[in-house]
Structure formats: C-alpha cells, structure tokens
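Here are a few short exercises to work through with the structure open beside you. Try each task before reading its solution.

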Amino acid sequence: MSVCNDLHAEHSTAWSQAVSHPFLEACRDGTLDLKAFDTWLVQDYLFVLEFARFMALAITKAPYRHFHTLLGGIIALEDELSWFQGCLGTRGINLEEEAAKAPCQEYIDYMHSCNDQPYPIHVTVLWAIEKAYHEAWHAHQPPQPNQAPYDYATERWASEPFSKYVKELQAVADDALASATRDERTAARAAFINVCRLERDFWAMAYET
Ligand code: HMH
C-alpha cells in the first residue's frame, strides 16, 4: 500500500495541471519566449534557495533511516544552485534587481509553514515538489538533445538518477505516512493538493511581466 500512489491517483486533475503547461511545451519545442525563460530562471533560483532550507528542516524531524535519501537530495542542490548561478550570469541577469513574485513568495511561505507541521506532512510535501518537477520535465523532453538554455532542466529533472531519487523519496514519505495519525494523513492530502496548485501557478508566473 502506498499513500503517495493513492494521492497521485485520486487527484489526477490537479496533478496534471501541476505538470503540464504551455511553458513546458514551448521549452521542449525550443519556441519559448526567452523573457519567460528568464523569469522562470530567476524565480526558480529564489525558490530553490528556500527549498534547501525546507529540506534541511525536514532532516531535523526525520528518523536516521531516511537520512541517506534526504542528505543525497541536499547534496545534489549544490550542483543545481551552481547551474542556476552560471545560467543567470550567462544571461546577464543581475539578481540584485530581482525579487520573488507573488506566486513564488506564496510557495516559499508555504514551504516554511511546513516546519510547524509533523514530519509525515513535511516529507509528503517534499516528495510532491520533487515528483512534480520530474514528471513535468520528463513528459516534455525534446525528441533530440535539448539546446541551451533548456538543456539542463531536462538533463537534471527528467534524468534516470532523478527518477530514482523521487522513487526513494516516495518510499520515505510512505514510510512516514504508515505510522501517521488519521489527522496527519488528512493534512498530508490537503498539502498534496496545495502543492499541485502552487506548481500550476508557478508555471503561469513565467508569462507575467
Ligand atoms: C517550482 N518546483 C519548483 N521548482 C523546483 N526546482 C522544483 C519543484 C524541484 O526542485
């Protein structure tokens, strides 16, 4: 039995809105307006900085048996952040002129609010966040090797190692949910639905000027 599989299956409409968007189709086809890409790039960088803190806080609540997976996820963020910094530099973006837009800030605030939640909810949110990006980029891989600046996104989030990591995270979340209370499971469901909405709104934000 997998609570995570059930959440995924029972909220398929909300989920599909989280993992498919014209932004992703245009990245795949190489037709994305680069202004939209730059907006996504800045906002996702700001998101990932706070996501690192959110992950670190999950570890403070986790049993040791989950450390291998969670620490691996944190270590991988080092490369990810370097890519963001390199790409922002190449594209001549000065971060000092940038700030989180409302949908990004709402997502960041929501992640931080998870620190007041019990571990099963915190780690369900973590799994849903990573799975959403895996599915989104995996489903929108280009037929040929992708071109800069989109290449990294599919190389990272659509990759086999990332898929394996998301499966491990699911096992970790399912393990935490197996001993959760009924109220905690109810809260985990609400959290999953919230992540779906926040992901959907994050894609839409890329087209805001
Ligand atoms: C908005 N969701 C968003 N950004 C990301 N980088 C991920 C998920 C995956 O880490």
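**Exercise 1. Find which polar side-chain atoms approach the nitrogen atoms of the ligand, and how much of the ligand the protein covers.**

Step 1. Start at E199: in this predicted model, one of its polar side-chain atoms is 2.7 Å from a ligand nitrogen atom.

Step 2. Move to D44, where a polar side-chain atom lies 2.6 Å from a nitrogen atom of the ligand.

Step 3. Add Y133, with a polar side-chain atom 3.5 Å from a ligand nitrogen atom.

Step 4. Now look at the cover. On its own the ligand has 290 Å² of accessible area, and the protein covers 100% of that.

**Exercise 2. List the residues around the ligand, sort them by class, and say which helices supply at least two of them.**

Step 1. Taking a heavy atom within 4 Å as the cut-off, the residues around the ligand are D44, F47, V48, I129, E130, Y133, W157, E199 and F202.

Step 2. Sorting this shell by class gives six nonpolar and three charged residues, with no polar ones.

Step 3. Place the shell on the fold: at least two of its residues come from each of α4 (34–61), α7 (119–139) and α10 (182–205).

Step 4. Finally, consider the space itself. What the ligand occupies is the largest cavity.

**Exercise 3. Work out where the residues that UniProt marks as "binding site" lie in the model.**

Step 1. Read the record: the unreviewed UniProt entry gives this feature at D44, E80 and E130.

Step 2. Compare sequence with space. These residues span 87 residues in sequence, yet no two of their C-alpha atoms are more than 13.1 Å apart, so they gather at one spot.

Step 3. Check the cavity: D44, E80 and E130 are included in the lining of the largest cavity.

Step 4. Locate E80 on the fold, and you will find it in helix α5 (residues 67–90).

**Exercise 4. Describe the annotated domain, then find a cis peptide bond.**

Step 1. The unreviewed UniProt entry annotates residues 8–208 as "domain: Thiaminase-2/PQQC".

Step 2. Over residues 8–208, the chain is 77% helix and 0% strand, and its end C-alpha atoms are 29 Å apart.

Step 3. For the cis bond, go from A148 to P149, where omega is near 5 degrees. P149 sits in the loop between α7 and α8 (151–157).

Terms used. Residues are numbered from 1 along each chain as its sequence is written. This is a predicted model: local features need pLDDT of at least 70, side-chain atom pairs count only at pLDDT 80 or more; totals for chains, interfaces and linings use all residues. Side-chain values use heavy atoms; hydrogens and water are left out. A polar contact is a pair of N or O atoms within 3.5 Å; within protein, one must be able to donate a hydrogen and the other to accept it, and residues adjacent in sequence count only if both atoms are side-chain atoms. Accessible areas come from the Shrake-Rupley method with a 1.4 Å probe; for residues, only the protein chains shown count as cover. On a 1 Å grid over the protein atoms alone, a cavity is a set of points where a 1.4 Å probe fits but cannot get out, and a pocket is an open set with protein on both sides within 12 Å along at least five of seven lines; lining residues have an atom within 4 Å of a point. A molecule sits in a cavity or pocket if more than half of its atoms lie within 2 Å of its grid points. Helices (H or I, at least four residues) and strands (E, at least two) are DSSP runs, numbered from the N terminus. Ala, Val, Leu, Ile, Met, Phe, Trp, Tyr, Cys and Pro count as nonpolar, Asp, Glu, Lys and Arg as charged, and the others, Gly among them, as polar. UniProt positions are given in the numbering used here, feature names are shortened, and annotations may be inferred rather than shown by experiment.
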